[in-house]
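Me: I should like to examine this assembly through a series of short questions. Please reason briefly before each answer.

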Amino acid sequence: MQKIEIKITKVREEIASFYEPKVWHFLTLNGVALDEETLEVQWIFSRYEALDDVVIYFSKISYDTLIPSIVELIPSAIISQRELVDMFGVPVEGTEKGLYLDEDSMQKPLAGCKL
Amino acid sequence: MSKKTINIPLGSQHISLLEPVRFKFECENETIVGVDSDVGFVHRGVERACTTKFKYDAIGYVVARICGLCAITHSLSYTVAIEKLMDAQVNSKIQYLRTLLLELDRIHSHMLCLSHTAESAGFEAMFMRIMGDREDIMEIQELLTGNRIQFDYISIGGVNRDIDSQRAKEITLRLRELEKKIYGYIEEFENNWSLSLKYKGIGRLSLDEAYKFNAIGPLARASGLAIDVRNEIDYLPYKEIGFEMQLHTDGDIHARNSVRLAEILNSIAMCRNILEGLPDGDIFTKIKGKPTGEVLVRYEAPRGELMYYVKGNKTAMLDRVRIKTPTFASIPAFSHIFMGENYADAPAILASFDPCLSCTAK
Amino acid sequence: MLRSLYLALKNLFSKPQTIDYPLTPIPKDKEYRGLIEYSEEDCIYCLKCEKACPPGAILFAPTPNPSENEKNKKGLEYNYNPYLCIYCGECVRACPKPEEALWQSNKKQEVALKEQEVNEKWFALEKKHQAFYQAKRESKS
């Protein structure tokens, strides 16, 4: 498992230069609540037909930072982005709320989960 | 002539669906031109429960309840993640027994999918036949674990019960009988004319599209994309027990069925190898300490790649448990495949994906 | 295709695959994982099973008339909720005297009826249990 930190503003460029559809498999987008104010967003990739070769791009941000969307590069990322919006209440470019949660349900259940 | 489209929903309750999911199809005459999906009907907040309500040693039993069909993959992935965080090793007997149950689970899950695909194509008799034969594999699982569906077989540091030679013999015998039946299905799925009308050339996903949408599991392998986590991990001894990747090139429903049938045969062969060469050893090693650090574990569930990301902080409560389930990651590919197909074929196509919504919404 | 037609016709005259339940009981494996059973005489009241149980189906709650077991210093009583139990066997593994004090049988639990008030009784027990430990913590601090 290899972890690479990137700046949130540079996400699209970094991933565009790294991602080749026939070499890398996009696993998912993950969020980890570090504390009440900081969120670690991870873009996880694995290499096809290689032994456990996983690369994680991550960026530490606050909960109100706009996260750039990578749907143009990787269309299947839309579903993970929608989950991230629901679970942490962070804004992601061009991604709407409401994959899992309804309006009357508990909002952003995983944000600052230590409560 | 004006181009008017009509919206036809499929779900949330539909006769061909096992679980609640809603697809809104925008149709032009019979052809689907737009797809919108809603998958969150059975969201239970398992990820939050894992970090707020349960201690790390109980979570293996919590995540097993996400889904009845791939319960074992969930608890195994979580358990291996915790074992990695605590720097623990388990002996090869434990690994073999875990693999055995994992493959048995794959067989019964694939059989369920095949029966439902047959049912959705209007072949009720085949559905009954496969479901009847599936009972054999359920009984094998009960013999091995003591339960039919929620096995609770895997615990942190080992497995919960041993297998004696008499049981091993009975399981081998029953698997041999099952294998004969599977050859019967292969003949049916290959040669039945009415099934070929419903399956061949329908719901096609090309190899390029499979790459583009990051397809996984039998869906990807039917299109020729060689992705199988069993090939990409070394925490289970798949190389030793004769794992072979099953690929097909057509990418339609028929190809998916063929891949599943071939995988069942491969799984039966692997189970037989495991039972023949089961090493001696304890079935449980005590592990001390508290999980710390972060780890990412992947396994091949019956429907594709399952990923667990676990972060611990040296206490009994974990910081984060992220579960990426196979169906969840395949939703964009599913939506794409529906485009351009006939509405009447939608149930059969959907059944051929083998969607698991309780996994997806978790 | 002809073969499947033949099989379908043959199935018309063969025995059904289903069991005539409840007239015929469902065959059960000898080592089916069933209810947890407990022997008060052998228990040493270490409370390990209570801590190990994932759903919290074992509670040692205080009781006004405790048993005469000399290990039972706090005056507790073993309570087991078969409807909450997931039959995983973690408690038996945690037990220092497995097969003597605590073991897993192959019995099945009967279906609960509304009159039995299974949930209400259990919730009351949980409250009692919580209050007991709360009071203990407060007396310590």
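The questions and replies below take up the chains, their interface and selected residues in turn.

Me: What kind of model is this, and what pLDDT do local features need?

Reply: Residues are numbered from 1 along each chain as its sequence is written, and chains are lettered from A and ligands numbered from 1 in the order in which they are written. Side-chain values use heavy atoms, with hydrogens and water left out, and totals for chains, interfaces and linings use all residues, whereas side-chain atom pairs count only at pLDDT 80 or more; the model is predicted, and local features need a pLDDT of at least 70.

Me: What radius of gyration does chain B have?

Reply: The radius is taken over C-alpha atoms, and the globule rule is 2.2 Å times the number of residues to the power 0.38. Because chain B has 362 residues, a compact globule would have a radius near 21 Å. The value for chain B agrees with this, being 21 Å.

Me: What percentage of the residues in chain B is buried?

Reply: Chain B contains 13 helices and 8 strands (DSSP runs numbered from the N terminus, helices being H or I of at least four residues and strands E of at least two). Its C-alpha trace spans about 75 × 45 × 35 Å along the principal axes. Buried means under 20% relative accessible area, exposed over 50%, and partly exposed in between (1.4 Å probe, protein chains only). Of the 362 residues in chain B, the buried ones make up 65%.

Me: How many residues of chain B are in contact with chain C, and what area do the two chains bury between them?

Reply: Contact means heavy atoms within 4.5 Å, and by that criterion 14 residues of chain C meet 25 residues of chain B. Buried area is the accessible area (1.4 Å probe) that two parts lose on being put together, summed over both. Carbon and sulfur atoms carry 44% of the area buried between chain C and chain B. The values are therefore 25 residues of chain B and about 1700 Å².

Me: Which residues of chain C lose the most area to chain B?

Reply: Together, three residues account for 34% of what the chain C side buries. They are C:Met1, C:Arg33 and C:Arg93.

Me: Which residue of chain B forms a salt bridge with C:Arg33?

Reply: A salt bridge is a side-chain nitrogen of Lys or Arg within 4 Å of a carboxyl oxygen of Asp or Glu. The rule finds 1 salt bridge across the interface of chain C and chain B. For C:Arg33 the closest N and O atoms are 3.9 Å apart, and the partner is B:Asp152.

Me: Is C:Glu90, the salt-bridge partner of C:Arg93, buried or exposed?

Reply: The side chains of C:Arg93 and C:Glu90 meet at 3.7 Å, N to O. Both residues lie in helix H3 of chain C, 3 residues apart, about one turn of the helix. C:Arg93 is partly exposed, with a relative accessible area of 31%. C:Glu90 has 15% relative accessibility and so counts as buried.

Me: Which residue of chain A forms a salt bridge with B:Lys362?

Reply: B:Lys362 lies in the segment after helix H13 (357-361) of chain B and its partner in helix H2 (residues 77-88) of chain A, so the pair joins two chains. Both residues are buried. The closest N and O atoms are 3.0 Å apart, and the partner is A:Glu83.

Me: Which residue has its backbone oxygen 3.2 Å from a polar atom of the side chain of B:Thr325?

Reply: B:Thr325 is found in the loop between strand E8 (320-324) and helix H11 (326-338) of chain B. At 0% relative accessibility, B:Thr325 counts as buried. Among the residues that B:Thr325 touches, leaving aside those up to four places away in sequence, are B:His74 and B:Glu305. The backbone oxygen belongs to B:Cys359.

Me: How far apart in space are A:Ile61 and A:Leu39?

Reply: A:Ile61 lies in strand E4 (residues 54-62) of chain A and, at 5% relative accessibility, counts as buried. A:Leu39 is one of the residues that A:Ile61 touches. The two are 22 residues apart in sequence, and their C-alpha to C-alpha separation is 5.3 Å.

Notes. Polar contact = N/O pair within 3.5 Å; in protein donor to acceptor, adjacent residues only side chain to side chain.
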